[in-house]
Amino acid sequence: MIIVKSPQEVEAMRHAGAIVGQFFEEVRDLIRPGVTTWSLEEFADRFIARHGVRSAFKGYMGYPAHLCTSINEEVVHGIPSRERAVREGDLLSIDFGVVRDGFYGDSAFTFPVGKTDELSARLLSATRRSLAAAIQEARPGNRLGDISAAVQATAESAGFSVVRDFVGHGIGRSMHEEPQVPNFGKRGTGPKLTPGMILAIEPMVNAGGFGVEVLADGWTVVTRDRSRSAHFEHTVAITAEGFRILSLPLGNIG
Ligand code: MF3
Ligand code: CO
């Protein structure tokens, strides 16, 4: 069952999302060669305290940190580490979520560290565009498959592949609600989208094949062929007018 939110609940979700959006506005300025993923985790810890919110990820199924920091061939769920510094040319994906007044916000971005190679730049661009295309489909009357198909068409027409084993999700008073939001699928299939539905849309796009595996730490997901991967995510509400991106900083339109 998909939980439809009231206009008041959508406003509460906007506030949770705005805090997540504000985090990304601030963290992007800290990313440069030599920075450890642990130092970003420490920044997240202070950010959470400063905003009086709760971490969405830490403790979730035993996950040990506020952030997921996934570098290069790591797709998602990389664990911040004191031993891991990013280098010039790396791709760093950061995934972050909070709970504010009982409502979840969830978002992810992949950042180039300094200047990156051309393939990586194209991967970032295609993944960002696949999320944008998906968001455009998030409107009443469309179906869930229209979102999935938009991600897949955008990523694959750029020569890349979409991860099958991890998907986006409904979000609200829980981080993961129905429906699952795959990044592949067929137009015109799946449940109809109606105002008040809120989805975390999160394309994970690989430069090589779509296969992934989990490392021995039990969390870090990497591409099977060790090609690079990118991940962008927004929390998005379906409204009567169309879509509303909830995980943008306050002050942004919408
Ligand atoms: N954005 C991810 C998700 O929606 C974050 C979960 S990471 C976890 O599932 F560590 F909390 F599992
Ligand atoms: Co998510």
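**Ligand 1 and the cobalt site**

Q: Hi! How far is the polar side-chain atom of H169 from an oxygen atom of ligand 1?
A: The two atoms lie 2.7 Å apart. Keep in mind that this is a predicted model.

Q: Got it. And what do the nitrogen atoms of ligand 1 have beside them, say from D95 or E233?
A: An N or O atom in the D95 side chain is 2.6 Å from a nitrogen atom of the ligand. For E233, a side-chain N or O atom sits 3.1 Å from a nitrogen atom of ligand 1.

Q: So is ligand 1 mostly buried or exposed?
A: Buried: on its own it exposes 330 Å², and the protein buries 95% of that. The space it takes is the largest pocket.

Q: Who else is around it, and how many residues surround it?
A: There are 13, with Y63, D95, D106, H169 and H176 the closest. By character, the shell has six nonpolar, three polar and four charged residues.

Q: Switching to the metal: which residues coordinate the cobalt ion (ligand 2)?
A: D106 through OD, H169 through NE2, and E202 and E233 through OE, at 2.1 to 2.3 Å. H169 also has that 2.7 Å approach to an oxygen atom of ligand 1.

Q: What's the geometry like at the cobalt ion?
A: It counts as irregular, with angles of 66 to 170 degrees among six donor atoms.

Q: Last one: how are the cobalt donors spaced along the chain?
A: The pattern is D-x62-H-x32-E-x30-E.

Key
Residues numbered from 1 in each chain as written. Chains lettered and ligands numbered in written order. Predicted model: local features only at pLDDT ≥ 70, side-chain atom pairs only at ≥ 80, totals over all residues. Heavy atoms only, no water. Near = heavy atom within 4 Å. Polar contact = N/O pair within 3.5 Å; in protein donor to acceptor, adjacent residues only side chain to side chain. Areas by Shrake-Rupley, 256 points an atom, 1.4 Å probe, with all protein chains shown as cover. 1 Å grid on protein atoms, 1.4 Å probe; cavity = no way out; pocket = protein on both sides within 12 Å on 5 of 7 lines; lining within 4 Å. Sits in = over half its atoms within 2 Å of the grid points. Nonpolar A, V, L, I, M, F, W, Y, C, P; charged D, E, K, R; others polar. Donors = N, O, S within 2.8 Å, 3.2 Å for Na, K, Ca; no water. Tetrahedral: all angles 85-135°; square planar, octahedral: opposite > 155°, others 65-115°.
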